There are 2 protein chains.
Amino acid sequence: MLSAFTTQFLLPRENQLFMYRPQIKVLDCTIRDGGLINKWQFSDELVRATYQAVSEAGVDYMEIGYKAPREMFDPKEYGKWRFCDEDDVKRVLDGLELKSKLACMVDIGRVNEADILPVRDSIFDMIRVACYVKDVDKGIALSNHLMDKGYEVTLNIMAVSTNLEKDIDEALAQLNDTAIPCVYVVDSYGSMYCEDITFLVKKYLQAMPNKTIGIHCHNNRQLAFGNTVQAIIDGANMLDASVYGIGRGAGNCTLELLLGFLKNPKYSLRPVLKLIQDYYLPLREEIEWGYLIPYMVTGMLNEHPRAGIEWRASENRDKYAEFYDTMVHSEMIE
Amino acid sequence: MLSAFTTQFLLPRENQLFMYRPQIKVLDCTIRDGGLINKWQFSDELVRATYQAVSEAGVDYMEIGYKAPREMFDPKEYGKWRFCDEDDVKRVLDGLELKSKLACMVDIGRVNEADILPVRDSIFDMIRVACYVKDVDKGIALSNHLMDKGYEVTLNIMAVSTNLEKDIDEALAQLNDTAIPCVYVVDSYGSMYCEDITFLVKKYLQAMPNKTIGIHCHNNRQLAFGNTVQAIIDGANMLDASVYGIGRGAGNCTLELLLGFLKNPKYSLRPVLKLIQDYYLPLREEIEWGYLIPYMVTGMLNEHPRAGIEWRASENRDKYAEFYDTMVHSEMIE
């Protein structure tokens, strides 16, 4: 039988051969990225069940939301995973064995550093910093601050597909001079093909040879899982995925496909399948994500899914040809 | 902007450079493969609209069904595209300009050679022969017969992922000695990763250096489009796809994604998007295909989707964890 054998590398380690690469880690971003659809209005029960299943499946990290200040987002409109208060997390996960490490994300300019406890007082192990290439100085400063507080930190460079190569190179050179241990290739718009993934992962590895490279893909063109596999082949070791692919617009690499692919025996698929049938199939009836033509079109055009999301919320939601016309014509700007 | 640039090869041809590979051809298998879901019970209107759109989109071939004998399949149960009578095709496409060439498929042992007219008397240009590795002698004999009648012929080796390499090699060596111009890599079970595609396309090309290699992928793990792109990179020039990915179980590589990827200006995406909104969104409400967990599981296990199709037709259809248990336990046979 053909298999993923060759991808997962036979690495000698303490005289033992593996069919997998032991350095690979998986991060579940279900609640954080999924919350972009419904303003993080998930029930406590769903979040708890998600943590339990993800943890039982052997997933290394679970990202449970964003840490944003209440002054910027109205708690009447946004659910608790927009804020990730320590007390909320502790209450919802109360009594569970915390096998998966807990992570949250912060956006440049949308975080109050004073809200973040030293790691020894926090339930979180990791904080991920999301920033654009142009903001990489701010991203580095924030990352340094978080590392000083004791957290594991990753820096996720968003929308890299919209930058000139010289600017990417400059950002990577700067990042190489920092202690940030992990930098992500992020296909924010779902616009990349496998060869784009290869190009960027190799570029990141070359520019930052001592860092772990992460991969976060969107599924606008049904490539999120395939591109994640490609990134593994190219050397990425930190992998983002979400349950049933939930995430804004077309969503992400699905956790179930990724766990079905990885050969490390610490991962198990069944808890995630049970979680999908119990919680995420019903949720998919209430809120929308996945392969839908408007997101395919924005991905193809290397655009933010915003226009697609607005279109799907309008009465024209299923008028795909008209959406395409709108996008292609509005694209023609010199 | 990052793009598929490097994939589509800058090939010198009559002193001109292209961003695409002119040899690439696309075959739409919407009605043929989609009919496996509903026993080819499509309305004439839908089939006509599909031909029109596919033709307008510049697709090179449209495969409209199987040519099977009425003695084997009851016409009360099976729609007309199970049989592909010349008169039916002519009537349904009456008055249309036949820009896309017409193809049909035949299965070894399910075709009456006497039913097939010489190409000069037929509306069909191409007949595709589907067979398993073990039946390759029969496939070659039937292909020779069809080539003698004047048809373009492809031979599609099904379920190649279930064969030992020595048997595949033997079949390819035999095929290399024939005049059959095109042989397909078929991922029948949606079980292949990109590296498996690379392995097989390169093997086929090496064993049959003068033939066109085709690719037909299934979408059990959201890899059908990505694997088709991988096959293009590796040298496949005949590409199967279907509208909105329709096809048995998880379905196929979607035609809209493929046309959005290819850079040859003869292809256009809009007619396919319009076709989806007018015909295939409503059809998807009636019959089921696409990424569904039972098909992900059969793909992962390199199994025929049969068990998944039965599960989806039962009252347990959404009990994914139980399906997984059933499949994994039934797999454990020595």
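## A tour of the two-chain model

All of the contact surface is shared: 100% of the interface residues of chain A are also interface residues in chain B, so the copies meet through the same surface. The model on the screen is a predicted one, and the stops below begin at this contact before moving into the individual chains.

**The contact between the chains.** Select both chains and display the residues where they touch, for which chain A supplies 37 residues and chain B supplies 37 residues. On the side of chain A that touches chain B, the elements that give two or more residues are α6 (194-207), α7 (224-234), α8 (255-261), α9 (270-286), α10 (293-300) and α12 (320-331) of chain A. If one helix is to be coloured apart from the others, α9(A) is the choice, since six residues, the largest share of this side, come from it. Colouring by class then shows 20 nonpolar, nine polar and eight charged residues on the side of chain A that touches chain B.

**The symmetry.** Superpose chain A on chain B next: a turn of 180 degrees and a shift of 0.0 Å along the axis lay chain A on chain B with an RMSD of 0.0 Å. This is the relation of a two-fold axis.

**The core.** Turn now to the largest nonpolar core, which has 214 residues, and in which Val185(A), Leu258(A), Val185(B) and Leu258(B) have the most contacts. Centre the view on Leu258(A) and, setting aside residues up to four places away in sequence, pick out the residues that Leu258(A) touches, namely Val26(A), Phe225(A), Thr228(A), Leu239(A), Ala241(A) and Cys253(A). As background, nonpolar side chains tend to be buried together in soluble globular proteins.

**Helix α2 of chain A.** Select residues 44-56 of chain A, a helix of 13 residues that reaches 18 Å from its first C-alpha to its last, close to the 18 Å expected at 1.5 Å a residue. Within α2(A), the buried residues are Val47(A), Thr50(A), Tyr51(A), Ala53(A), Val54(A) and Ser55(A). To see what they pack against, add β3 (25-28), α1 (30-38), β4 (61-66), α3 (86-92) and α9 of chain A to the selection. Just after α2(A), stop at Gly58(A), which takes a positive phi of about 85 degrees.

**The two domains of chain A.** Colour chain A by its division into domain 1 (21-286) and domain 2 (293-331). The centres of these domains of chain A, taken over C-alpha atoms, are separated by 26 Å. Where they meet, 10 residues of domain 1 of chain A are in contact with 11 residues of domain 2 of chain A, and the domain 1 side has two nonpolar, six polar and two charged residues.

**Two residues of chain B.** Move to chain B and select Met327(B), which lies in helix α12 (residues 320-331) of that chain. Met327(B) is partly exposed, with 18 other C-beta atoms within 10 Å. Apart from neighbours within four places in sequence, Met327(B) is in contact with Val297(B), Thr298(B), Leu301(B) and Ala307(B); of these, Ala307(B) is 20 residues apart from Met327(B) along the chain, with 8.3 Å between their C-alpha atoms.

The last stop is Gly65(B), in strand β4 (residues 61-66) of chain B, which is buried, with 27 other C-beta atoms within 10 Å. Its contacts, again leaving aside neighbours within four places in sequence, include Ile31(B), Trp40(B), Trp81(B) and Cys104(B).

Key:
Residues numbered from 1 in each chain as written. Chains lettered and ligands numbered in written order. Predicted model: local features only at pLDDT ≥ 70, side-chain atom pairs only at ≥ 80, totals over all residues. Contact = placed C-beta atoms within 7 Å. Helix = DSSP H or I, 4+ residues; strand = E, 2+ residues; numbered from the N terminus. Nonpolar A, V, L, I, M, F, W, Y, C, P; charged D, E, K, R; others polar. Core = buried A, V, L, I, M, F, W, Y, C linked by C-beta atoms within 7 Å. Buried ≥ 20, exposed ≤ 12 C-beta atoms within 10 Å, placed from the backbone. Expected span 1.5 Å × (residues − 1). Domains from an automatic or database assignment. Least-squares fit on C-alpha atoms with pLDDT ≥ 70 in both.
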